[in-house]
Amino acid sequence: MWSFSNIADQIHEWLSSTFNPTWTLIIEMVIAGVCVIGLFAALGLVLVIMERKVSAWIQIRLGPNRVGPKGMFQSLADTLKLLVKEGMTPNGADKFLFNLAPFIAMIVAMLLFAPIAFARDFQLWDLNIGVLYVSAVSSIMVISILMAGWSSNNKYSLMGAMRSGAQIVSYELSAGLSILAIVVFTGSLSVPDIVRSQADGWWIFKGHIPAIIAFIIFLIAVTAETNRAPFDLAEAESELTAGFHTEYSGMKFALFFLAEYMNVFIVCAIGATLFLGGWMPFHIGNWEGFNHAMDWIPSSVWFFGKTFFLIFVIMWFRWTFPRLRIDQLLNLEWKYLLPISMFNILLATLMAIMGWHF
Amino acid sequence: MKGATIIFYLLATLTLVCGVLSVTTRQIFRAAIYLLFSLIGIAGLYFWMDYQFIAAVQIVVYVGGIVVLIIFSIFLTQQAGEKLPKQRIDRKIFSALAVFCAFALTMLQLYQHTFYETADEPVPATVANIGNRMLSVKEGGYALPFEVVSILLLAALIGCIVIAMRDKTMNIEQGTLNKEVEKGK
Amino acid sequence: MFIVKYIKDIFGAVKSLSIGMKRTLYYFTHHKEIITQQYPDNKDTLVLPERFKGEVVMPHNENNEHRCTGCQACELACPNGTIKVIFKNDLTPEGKKKKAIDKLVYHLELCTMCNLCIEACPSDAIKMAQTFEHSVYDRSQLTKVLNNPGSKIMEGVE
């Protein structure tokens, strides 16, 4: 049966037998870069059409249904439109930073792909601090938003950027603490180690109460961190037109848009890795037949299935709940999520020490 | 030249050029951004040396924390968008001199210090090792500085809360004062 | 007590949020309830609700007769001067002069479809139609005359 790691190994063997090590490395890096960009484009298209369809069905609408069968090529048409549109820079904007900001957003989103395990033994960069790396690099994201808001020379943009900054800085705490609960159980920050520790059951089942609390807090915090409704105060189209990307048009806007969806994908991938077992298939105790049937499904399908399930949950949040006010948002974080996750981490530590998890 | 050396020089150039730009630019927000790139360059150097934990901490603390704070305070200052006035030439000379002296001092220290090669095996920088070392009270452990830093942070947090807390009694006093003023009218 | 209220708040919030999410999940999985009308495509089968009000019309019978007595109640009732009644003198069969409407002018561009004129009409001469494709290239085409040319009042309507 084919798998990503086999393909990667074969390519590696062929390259090492044909070229010298330096060139092999360079070619492999180029291949990885092209794959990441390709994945970006494909995911962008899929996620945009998915969001539009999910939102439509939740609101008892039809959604896009003109371009292609059932409107499935709508996002392709949108991309084409954004590509040919003029990217304008407003007068009085800080031109250098204005043009730099979308690229930083994009590069950060790309860097975040490095430690994610897409399938069995298939990973771009096996860091021994994978999870910490993700939460560290994703904190650069806020810089691109602040930069965009500032350099647009627009009050709405600036307010959106400030809100977004306050929001991301505060929600990073509870996201980090909920990740830490799983790290306490696993004893490792490396993504493959965390996945391997779930071979006999996903953490959300093995870790029961603290894991479930951590999972819920993680979902809320990453929804806020990726600036999506009900925490989309940074954009808040009814108050701030479009927040930090009010002045952006054409491809520069598209880069912000794409980076947002990529961040959603990445946080969901991390959530799937930590709580739902990454590429590990679903196993139930000693049911040999059932477990074999589950093993037969490729690991990449498991990974993408779980990730897309979490993405659906986040979209479901978005189209169900109304937007929070800024004081409600900060109250929620500092008065509820942070104390709960601190208490939760103590509980998780206690469980890890006493061995109460399964 | 090996590939690793080229990457080192690229990272070093990024760090230094951005550092110089951050003190020479006349727009304060750009200075913060250049500082950010300089710090990212240093994080890149840590990654280059395979000290991944320190690199990630560098990004979390400096890039995600301190630079964001600096940018926030820039946002909250007035006229932050305007260009700063040109510095006087004597100030420039003095600061250049100060930088040069500090640089010379550092280099002197580095050249005078003798670095020993140890025969010990390098300690793998796994999370378990780092955690144990952080909380160890034996030789080479960081329990004391760790606790001191956490108490400092706690004090800072409490201080922030005290400053930010609304003083109810004062408000009431002001309210009565206002009423008295109104009565006086 | 503070801590009890805190925990109650949390559980209440989780409960109410999950009720909302249950509702949206229901909509998400029940595509038959979709309310979107794909308008230009379903023009033939489009069913408008009974209460939909498109414009004011005056029904005529097969003899080109209407029920309007020209009492001007609609003109008075209209809040923004949409209706103007213009009179002429008609001759009755006995040779007497009788006041009758010449034109009932209706400005569709001013009308808000408030239904007050229909309620004011004592002889049910006008009613609301369900047409809604009103766009034209010239504004003057929106000024309409409701009674057909050469029409007259129905027998027995006073």
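# Three chains and the terms used to describe them

Tutor: In this predicted model, no contact joins chain B and chain C, and the closest C-alpha atoms of chains B and C lie 19 Å apart. Residues are numbered from 1 along each chain as its sequence is written, while chains are lettered from A and ligands numbered from 1 in the order in which they are written. Because the model is predicted, local features need pLDDT of at least 70 and side-chain atom pairs count only at pLDDT 80 or more, whereas totals for chains, interfaces and linings use all residues, and side-chain values use heavy atoms, with hydrogens and water left out.

Student: What makes it right to say that no contact joins chain B and chain C?

Tutor: A contact means heavy atoms within 4.5 Å, and no pair of that kind joins chain B and chain C. There are 2 pairs of chains in contact, and of these chains A and B share the most contacts.

Student: How do you know how many helices and strands chain A has?

Tutor: Helices and strands are DSSP runs, numbered from the N terminus, with a helix being H or I over at least four residues and a strand being E over at least two. Counted in this way, chain A has 15 helices and 2 strands, whereas chain B has 7 helices and 0 strands, which along the sequence gives the pattern α-α-α-α-α-α-α. Chain C has 3 helices and 7 strands, and from the N terminus on its elements run α-β-β-α-β-β-α-β-β-β.

Student: What makes chain C more spread out than a compact globule?

Tutor: The radius of gyration is taken over C-alpha atoms, and the globule rule is 2.2 Å times the number of residues to the power 0.38. For the 158 residues of chain C the rule gives 15 Å, but the radius of gyration is 26 Å, which is well over that value, so chain C is more spread out than a compact globule. The C-alpha atoms of chain C fill a box of roughly 95 × 45 × 35 Å, taken along the principal axes. Chain C is also divided into domain 1 (2-33) and domain 2 (55-153), with bounds that come from an automatic or database domain assignment, and the C-alpha centres of these two domains lie 54 Å apart.

Student: How does the radius of gyration of chain A compare with that of a compact globule?

Tutor: With 358 residues, a compact globule would have a radius of gyration near 21 Å, and chain A has 21 Å, so the two agree. The box filled by the C-alpha atoms of chain A is roughly 65 × 60 × 45 Å along the principal axes.

Student: Why is A:Ile60 called buried or exposed?

Tutor: Buried means under 20% relative accessible area, exposed means over 50%, and partly exposed lies in between, with a 1.4 Å probe and protein chains only. A:Ile60 has 14% relative accessibility, and therefore counts as buried. A:Ile60 lies in the loop between helix 2 (21-58) and helix 3 (74-84) of chain A, and its phi is near 55 degrees, a positive value in a residue other than glycine.

Student: What about B:Asp50, is this residue buried or exposed?

Tutor: B:Asp50 has a relative accessible area of 52%, and is therefore exposed. B:Asp50 is found in the loop between helix 2 (28-48) and helix 3 (52-76) of chain B, and its phi, near 70 degrees, is again a positive value in a residue other than glycine.

Student: Why is C:Glu155 called buried or exposed?

Tutor: At a relative accessible area of 71%, C:Glu155 is exposed, and this residue lies in the segment after strand 7 (152-153) of chain C. The C-alpha atoms of C:Glu155 and C:His66 are separated by 9.2 Å, although the two residues are 89 residues apart along the chain.

Student: What share of each chain counts as buried?

Tutor: In chain A, 53% of the 358 residues count as buried. Buried residues make up 20% of the 185 residues in chain B, and in chain C they make up 27% of the 158 residues.
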